[in-house]
2 protein chains.
Amino acid sequence: MPLPEKALIEEVRRFARSRSTGNVRLGIGDDCAIIGIPPRHEALVTTDFSLEGVHFRRQWHPPESVGHRCLARGLSDIAAMGGTPIAAFLSLALPARLPQSWVDRFIKGLLSLAKRYSVALAGGDTAQSPAGVLADIIVMGSVPKGTAVIRSGARPGNAIYVTGALGGSAATLNLLRTKRKVVPSETDRHFYPRPRLEVGRYLREKHIATAMIDLSDGLSTDLAHICDESSVGAEVEMPRLPLASAGKPPTSVSVDLALHGGEDYELLFTAPAKTRVPSVISGVPITRIGTITKVRGLFTRDASRRTPLLVRGWEHFRRT
Amino acid sequence: MPLPEKALIEEVRRFARSRSTGNVRLGIGDDCAIIGIPPRHEALVTTDFSLEGVHFRRQWHPPESVGHRCLARGLSDIAAMGGTPIAAFLSLALPARLPQSWVDRFIKGLLSLAKRYSVALAGGDTAQSPAGVLADIIVMGSVPKGTAVIRSGARPGNAIYVTGALGGSAATLNLLRTKRKVVPSETDRHFYPRPRLEVGRYLREKHIATAMIDLSDGLSTDLAHICDESSVGAEVEMPRLPLASAGKPPTSVSVDLALHGGEDYELLFTAPAKTRVPSVISGVPITRIGTITKVRGLFTRDASRRTPLLVRGWEHFRRT
């Protein structure tokens, strides 16, 4: 194995620099990390796989993007609770013949995003992989006790909102699938999604959101999660959907991608109809896209036409 | 895929029963779990892979044992800090053709151990695996602020102790390797290791241990970790080593297995020479095996002969 576990740990330690900063009382290199949770706060914990061939492909995604996306998945879950991230833990299994430079660039992409949000890499595990690069990211955060925005708080009559634009990540993935040359731009939400941490926190602090989820599986699937957990239905007004732009020259993505494409890592939330919701929060546009209904089931409305919205679960690369 | 992710989540939920108990304010089924940390405590976090072909083999290990071992790895890390486990998170990727009964039995083995220590399964992730069963267990626990027993506290003159007996797990693994029939007994520490949570907590509460680690990689490797982190050396008195018994009729394992065999999940700790250490804690024998030295380096002593102790890292199944 060209990358002994100890060398990897040393390298991550070097990148991560300090073993003990802020709420991370003890980082990489003991049986456990020790994390301080601020007084009157509770801990948030989320775990997300990033498996080669399932969540990314080495021939499509530069290593920096794989590292960035790996951590972004976890940070986005913290954002969806209105929380603040504290520390990340990385379980990383590497195949025997992986070039050292790939690992360096992966760690660089991950730590660059971590730095932007003051998240410490505080531990993890390493192993030799039986097949491809296997990563599992754990992000721990905190939120004042009893204030986390959960999925089950949507009420009939609530308005439904999304941050940013939808379908951009899936559009880039379609380009990759058709084997066109795609230059991984740092502003492309597929390669470098930005978790909406500031927006999530604002929505919690201002008591705006009644329910919230991040758009990792696609609008139809994630809206269904909110409706299932809240025992309500929803109606999406099609003309309101904020469609992402993609390609050169940029054109709007299809409504289909906006409804079902995954991995945009925007936030989907509900708020009482009378609550004033800013049209921009921390530079991110907020769009009202529909209404929560008492009647169960998901529907789309386009002018006067009401159509059942099929929940088409995002299945990563399985369809390819 | 015969096991849709949703079905797996539902099944785990059913097994795990309650979504909100004790310190787990919100369990499986939201963007994050919400975990309460007791006042004046800090959080402990550990992550451990259990990868098919690396940490276990389906033809050797019954699914209940794989689930048990998966969680035991994390609980043992909490024990080594003197902590109390609160919740576990399981990231689980399954190959397409895995029988449903395998998953049921795996979850059963994991949850049976979780129940014994009142640990909630509070979340995780699921995915389709590109190769074999891939599990990553995250265990979160707590410890009163500033009291965790870490690796770096060993001082010259401290006595070195281990719990239980050494080399038993590696002896069973050797039997498996030579393809002899091995009946997986519930008392076999290889198939069903018992994390030493009560002992770890006692050693912290009574201020006995100055440094502690769990024996997952083998005595020579794990003692080296304590010595590295504490900037000290160590001398192990060979006649004192508590050798495990294995086989039928039971015979003592070799000194080699006791020194270098991994996965015993016993505790290795140091204590001031004058501290009275009970010979049994919570039914587990405690044995003094040597002394911490100011001079760096690891040595064994057998009568008057002093020999350098080679650190032979445990490499799971790589040697097979």
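This is a chat about a predicted model with chains A and B.

User: Before we start, what does being a predicted model change here, and how are things numbered?
Analyst: Local features need pLDDT of at least 70 and side-chain atom pairs count only at pLDDT 80 or more, while totals for chains, interfaces and linings use all residues. Residues are numbered from 1 along each chain as its sequence is written, and chains are lettered from A and ligands numbered from 1 in the order in which they are written.

User: OK. How is chain A divided?
Analyst: Into domain 1 (5–144) and domain 2 (151–308); domain bounds come from an automatic or database domain assignment. The C-alpha centres of these two domains of chain A lie 26 Å apart.

User: And how many residues of domain 1 are in contact with domain 2 in chain A?
Analyst: 17 residues of domain 1 of chain A, facing 18 residues of domain 2 of chain A. In contact means that the C-beta atoms, placed from the backbone, lie within 7 Å. On the domain 1 side, helix α2 (residues 63–79) of chain A gives the largest share, 10 residues. Helices (H or I, at least four residues) and strands (E, at least two) are DSSP runs, numbered from the N terminus.

User: What's that side made of, by class?
Analyst: The side of domain 1 of chain A that touches domain 2 has 8 nonpolar, 6 polar and 3 charged residues. Ala, Val, Leu, Ile, Met, Phe, Trp, Tyr, Cys and Pro count as nonpolar, Asp, Glu, Lys and Arg as charged, and the others, Gly among them, as polar.

User: Switching to the two chains: how many residues of chain B are in contact with chain A?
Analyst: 50 residues of chain B, with 50 residues of chain A. On the chain B side, β3(B) gives the most, 9 residues. By class, that side of chain B has 26 nonpolar, 11 polar and 13 charged residues.

User: Which strand of chain A pairs with β3(B)?
Analyst: Strand β2 (residues 33–35) of chain A, in the antiparallel sense over 3 bridges. Strands pair if DSSP finds at least two bridges between them. I35(A) has A43(B) as its bridge partner.

User: How are the copies related?
Analyst: Chain B can be laid on chain A by a turn of 180° and a shift of 0.0 Å along the axis, with an RMSD of 0.0 Å. The two copies are thus related as by a two-fold rotation axis. The superposition is by least squares on the C-alpha atoms of residues with pLDDT of at least 70 in both.

User: Which residue of chain B comes closest to the rotation axis?
Analyst: A131(B), with its C-alpha at 3.0 Å. Also, 100% of the interface residues of chain B are interface residues in chain A too, so the copies meet through the same surface.

User: New topic, backbone oddities. Where does S118(B) lie?
Analyst: In the loop between α3 (100–116) and β5 of chain B. S118(B) is not a glycine, yet has a positive phi of about 55°. Most residues other than glycine have a negative phi.

User: And is S118(B) buried or exposed?
Analyst: S118(B) counts as exposed, because it has 12 C-beta neighbours inside 10 Å. The cut-offs: buried if 20 or more other C-beta atoms lie within 10 Å of a residue's own, exposed if 12 or fewer, partly exposed in between, with C-beta atoms placed from the backbone.

User: What about E263(B), buried or exposed?
Analyst: E263(B) counts as buried, with 24 such neighbours inside 10 Å. E263(B) has a positive phi of about 65°.
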